[in-house]
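Me: I would like to know which criteria stand behind the labels used for this model. Please give the rule first, then the value.

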Amino acid sequence: MDLDKLNKILKKEPAYRLKQAYAFIFKDLVDNWDKATNLPSDLRQKLNKEFSLNIKAKVLEAKTKESQKALLTLSDGSKIETVLLRHEDGRNTVCVSSQVGCPLGCLFCATGKMEFARNLEIWEILMQVLFFARDLKKKGERVSNLVFMGMGEPFLNYDNVMSAIKILNDKDSLNIGARHISISTIGITEGIKKLASQSLQINLAISLHAPNNELRVKIVPMNQNYPIESILKIVDFYIKETNRQVMFEYLMINDFNDSENEAYELVDLLKNLKKSLFVINLIAYNPTQGFKASPTSKIKRFKEILIKSKIKVTERYRFGQDIKAACGQLAGEECNI
Ligand code: SAH
Ligand code: SF4
């Protein structure tokens, strides 16, 4: 199912109907056309039959209620996961999937272990956000941030991801600020280049995870086609073009990429990029695929080396470990509540 279907159904109606329908879906966040009271009842019935707003999902909540994971079943039976992260400062971030599985097969990644099925349609991307937005609305809250760090590689589904973002960003829709939307990529250079010419001020994150090709290719097979130099070249272009800060994500995997030497190598690797325009995000690895997480002492040392070299560093807080809801750790598993 896709939004095209909705457009098609409403094509025969007066032009303002489409606008009304979008407002019901994305502003009023209705889950049934019966609640769209100013639409004629025969149209409501038709829409309920042909463009149902019902989202089939199972929810799993972390013990601390800081995060929720939803397993959504799509109309063809495919299953995808999406996560809501509730921050103490009131922000609500939805971690969005862009594909069913991922064809890139990174060795540390739960999604990469799944069989890749297909790209998500625009509506299927939107559904994930709507699902949590509807629930939050009941509590007087809203979705404030989005990260494309769920299942799949967003830049392999560039057009649908961007179309969904445009709708979510629209002030007549969910009105999620572009600066509050981030796309994470393993380094698909064509996507980075396209994003550089987009007028939307969304954030870019690059999953780097290693300071050299030899190491990176062991966990990111795609590095063979997109070696680090090619990614950095295009990131440099992106920075110059947009003047926006880029984030490099670096998973801290014990005895793999977390030594002092590797920290120095990373500093050296990034020496030609403007320091004020990138930040390294050290991510505590959620052990899922036989790799182990670095101990805190090693993360601390690694961080110190970067800071001494005047590189900006952040650390990603572990969210929802008990429900395997860390972003990028999704595998469309059945939720066993
Ligand atoms: N395909 C994109 C987006 C999805 S992954 C990409 O790779 O960037 C989003 C983030 O979650 C990536 O930085 C990824 O490396 C990270 N991630 C994957 N598995 C993880 C795990 N087990 N623990 C912590 N982060 C993980
Ligand atoms: Fe795909 Fe990203 Fe997982 Fe790699 S880390 S397999 S690119 S989802």
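Reply: A pocket is an open set of points on a 1 Å grid over the protein atoms alone, with protein on both sides within 12 Å along at least five of seven lines; lining residues have an atom within 4 Å of a point. A volume is the space filled by probe spheres set on the points, which are joined across faces, edges and corners. By that rule the second largest pocket has a volume of about 210 Å³. The model is predicted, and local features need pLDDT of at least 70, side-chain atom pairs 80 or more, while totals for chains, interfaces and linings use all residues. Residues are numbered from 1 along each chain as its sequence is written.

Me: What makes a residue part of the lining of the second largest pocket, and which residues lie nearest its centre?

Reply: The 4 Å criterion decides. The second largest pocket has 12 lining residues, and N54, T73, L74, S75 and M127 lie nearest its centre. Helix α4 (residues 122–138) gives the most, with 3 residues.

Me: Why is strand β2 called mostly covered?

Reply: Buried means under 20% relative accessible area (1.4 Å probe, protein chains only), and 7 of the 7 residues of β2 (residues 67–73) are buried, so the label applies. On one side these are S67, K69, L71 and T73; on the other, Q68, A70 and L72.

Me: How do you know that β2 pairs with β1 and β3?

Reply: Two strands pair if DSSP finds at least two bridges between them. Strand β1 (residues 57–61) and β2 have 5 bridges, antiparallel, so they pair. Strand β3 (residues 79–86) and β2 have 7, also antiparallel, so they pair too.

How values were computed. Chains are lettered from A and ligands numbered from 1 in the order in which they are written. Side-chain values use heavy atoms; hydrogens and water are left out. Buried means under 20% relative accessible area, exposed over 50%, partly exposed in between (1.4 Å probe, protein chains only). Helices (H or I, at least four residues) and strands (E, at least two) are DSSP runs, numbered from the N terminus. On a 1 Å grid over the protein atoms alone, a cavity is a set of points where a 1.4 Å probe fits but cannot get out, and a pocket is an open set with protein on both sides within 12 Å along at least five of seven lines; lining residues have an atom within 4 Å of a point.
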